[in-house]
Amino acid sequence: MAITMNLHVDARSPIPIRRQLTEQLKHAIESDGLPRDQALPSIRELAGFLGINANTVARVIEDLKQSGYVEVRRGRGVFVAAAPPVRPSPGLREGFLKDVVIRAAALGMTADDLAVGVLSLAGVRPAAIDGAVEVLLVECSAAELDFFARQLEAHLPIRVDKVLLGELKAITRRRIPARRWRAAVTSFCHLPEVERVLSGRGVPVVALLAEAHLETLHRLAQLPKGTRVGVASDALETAHNLEHSIANAALPNIVLVGTGPVEGAALGRLVQRVDVVVCSSAAAERVRQLAAAGVQVMIDDRALDQRAIEMLAALLVGQNGGTTAVAASDGRTRSSAGPSERRTPRGRRSHG
């Protein structure tokens, strides 16, 4: 139970217990407080030690599994993933927090005072960061909708309204009230169509970009020249997007063979032709069942580009407080886009 000794939750905190525990475990994994492939205590042990509901712990484990921090090994338990994701600039974040705490202490504020103060300020920020804000998410598959919705809601206090691309025209004709959605988000390949459908409705469109984790690309870069790599996921669209992200890295030592969804015979044929399979956590078990003993399996659930998240946040806040500076790729700043403009994570701005 040594792992659990550094974990604690505060039932009086306005931060949900599920979020408290999830973030503590993520931090422990990212800082190597929990080594790779380390077994976690059981759900019952964690719940008993922390004095919380076992269902809450189970949801935390599921959150960590979906985001790639842990993996469930049948009959053995829950283990820290061999290559967990790395959030942007963990050292900078920790340094920033330490600086804030030191400055607060110089003013006579305790850590509790600081936490309460931040939460109080968050309560009076513009309505764009209020939980009631709705953002329209448009994708062509249920798997992609679920992936992007989880990522967005984990980073921003918003409510995501998920709509399949093929149903967007009918839904907007039937039920969109004025200003219901503060923004619409979609992936780059669907951006022109979403803009056409929403044209004239005053809903700015933000293009999202989901990329393979840098750790995955680093591992692929270490493989011998000519290594054949396949990509699999629970949905073919997701597999194609992951493959495209890897292809953009232009690694000269690997050959991308193709993609395959979990269901159907295509996956079985794919794993017979490759040396390495990069796959989502949802597809990993099926891939291991079909792959030969020598085939290496790398789990990657992709990560939403941080610049896209920052751009969406700036756009939402800017709707309530005038213009909000958004960092451009050249280091300059530009005002947030108006309703007739589309935005991309690269800091570019183009008129629809």
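Reader: What relative accessibility does D146 have, given that it counts as partly exposed?
Author: The model is predicted, and the value is computed from its atoms. Partly exposed lies between the limits of 20% for buried and 50% for exposed, so D146 belongs to that class. The relative accessibility of D146 is 33%.

Reader: Which residue meets the side chain of D146 in a salt bridge?
Author: The bridge has an N to O distance of 2.8 Å. It links distant parts of the chain, from D146 in helix α6 (residues 142-155) to a partner in strand β4 (residues 159-164), 16 residues apart. That partner is K162.

Reader: What is the relative accessible area of K162?
Author: K162 is classed as partly exposed. That class requires a value between 20% and 50%. For K162 the relative accessible area is 40%.

Reader: Which residues are joined into one network by salt bridges that share partners?
Author: Salt bridges join residues into one network when they share partners. One bridge here runs from R73 to E71, with the closest N and O atoms 3.1 Å apart. The members of the network are D37, E71 and R73.

Reader: Is E71 buried or exposed?
Author: The relative accessible area of E71 is 16%. The limit for a buried residue is under 20%, so this value decides the class. E71 is buried.

Reader: How many residues apart are R74 and its salt-bridge partner E285?
Author: The closest N and O atoms of R74 and E285 are 2.3 Å apart. R74 sits in the loop between β1 (70-73) and β2 (77-80), whereas E285 sits in helix α12 (residues 281-290), which makes this a link between distant parts of the chain. Their separation along the chain is 211 residues.

Reader: What class of accessibility does E285 fall in?
Author: R74, at 70%, is exposed. E285 has a relative accessibility of 40%, and exposed requires over 50%. E285 therefore counts as partly exposed.

Reader: How many salt bridges does the count give?
Author: The test is a side-chain nitrogen of Lys or Arg within 4 Å of a carboxyl oxygen of Asp or Glu. Among the pairs that meet it is R73 with E71, at 3.1 Å. The count of salt bridges comes to seven.

Reader: What is the approximate phi of D37, a residue other than glycine with a positive value?
Author: Most residues other than glycine have a negative phi. D37 lies in the loop between α1 (17-30) and α2 (43-50) and is partly exposed, with a relative accessible area of 39%. Its positive phi is near 65°.

Reader: Where does A250, which also has a positive phi, lie?
Author: A250 has a phi near 55°. At 59% relative accessibility, A250 counts as exposed. Its place is the loop between α10 (236-248) and β9 (254-261).

Reader: Which residues form the positive surface patch?
Author: One of its members, R201, lies in the loop between α8 (191-198) and β6 (205-208). Patch residues need over 30% relative accessible area, and R201 has 33%. The patch is formed by K169, R173, R196 and R201.

Reader: How many disulfides are counted?
Author: A disulfide needs two cysteine sulfur atoms within 2.5 Å. The cysteines include C140, partly exposed at 33%, and C279, buried at 0%. The count of disulfides comes to zero.

Reader: How far apart in space are the C-alpha atoms of L50 and V9?
Author: L50 lies in helix α2 and counts as buried at 14% relative accessibility. L50 and V9 are 41 residues apart in sequence. Their C-alpha atoms are separated by 6.9 Å.

Reader: What C-alpha separation do I254 and P224 have?
Author: I254 is in strand β9, and its relative accessibility of 11% counts as buried. P224 is 30 residues away from I254 in sequence. In space, C-alpha to C-alpha, the separation is 7.7 Å.

Reader: What distance separates the C-alpha atoms of G230 and L256?
Author: G230 is placed in strand β8 (residues 227-233). Its relative accessibility is 0%, so G230 counts as buried. G230 and L256 are 26 residues apart along the chain, and their C-alpha atoms are separated by 6.0 Å.

Conventions. Residues are numbered from 1 along each chain as its sequence is written. This is a predicted model: local features need pLDDT of at least 70, side-chain atom pairs count only at pLDDT 80 or more; totals for chains, interfaces and linings use all residues. Side-chain values use heavy atoms; hydrogens and water are left out. Patches are made of residues with over 30% relative accessible area and no salt bridge: like charges are joined within 9 Å, nonpolar side chains (Val, Leu, Ile, Met, Phe, Trp, Tyr) within 5 Å. Accessible areas come from the Shrake-Rupley method with a 1.4 Å probe; for residues, only the protein chains shown count as cover. Lys and Arg count as positive and Asp and Glu as negative; His and the chain ends are not counted. The place of a charge is taken as NZ of Lys, CZ of Arg, CG of Asp or CD of Glu. Helices (H or I, at least four residues) and strands (E, at least two) are DSSP runs, numbered from the N terminus. Buried means under 20% relative accessible area, exposed over 50%, partly exposed in between (1.4 Å probe, protein chains only).
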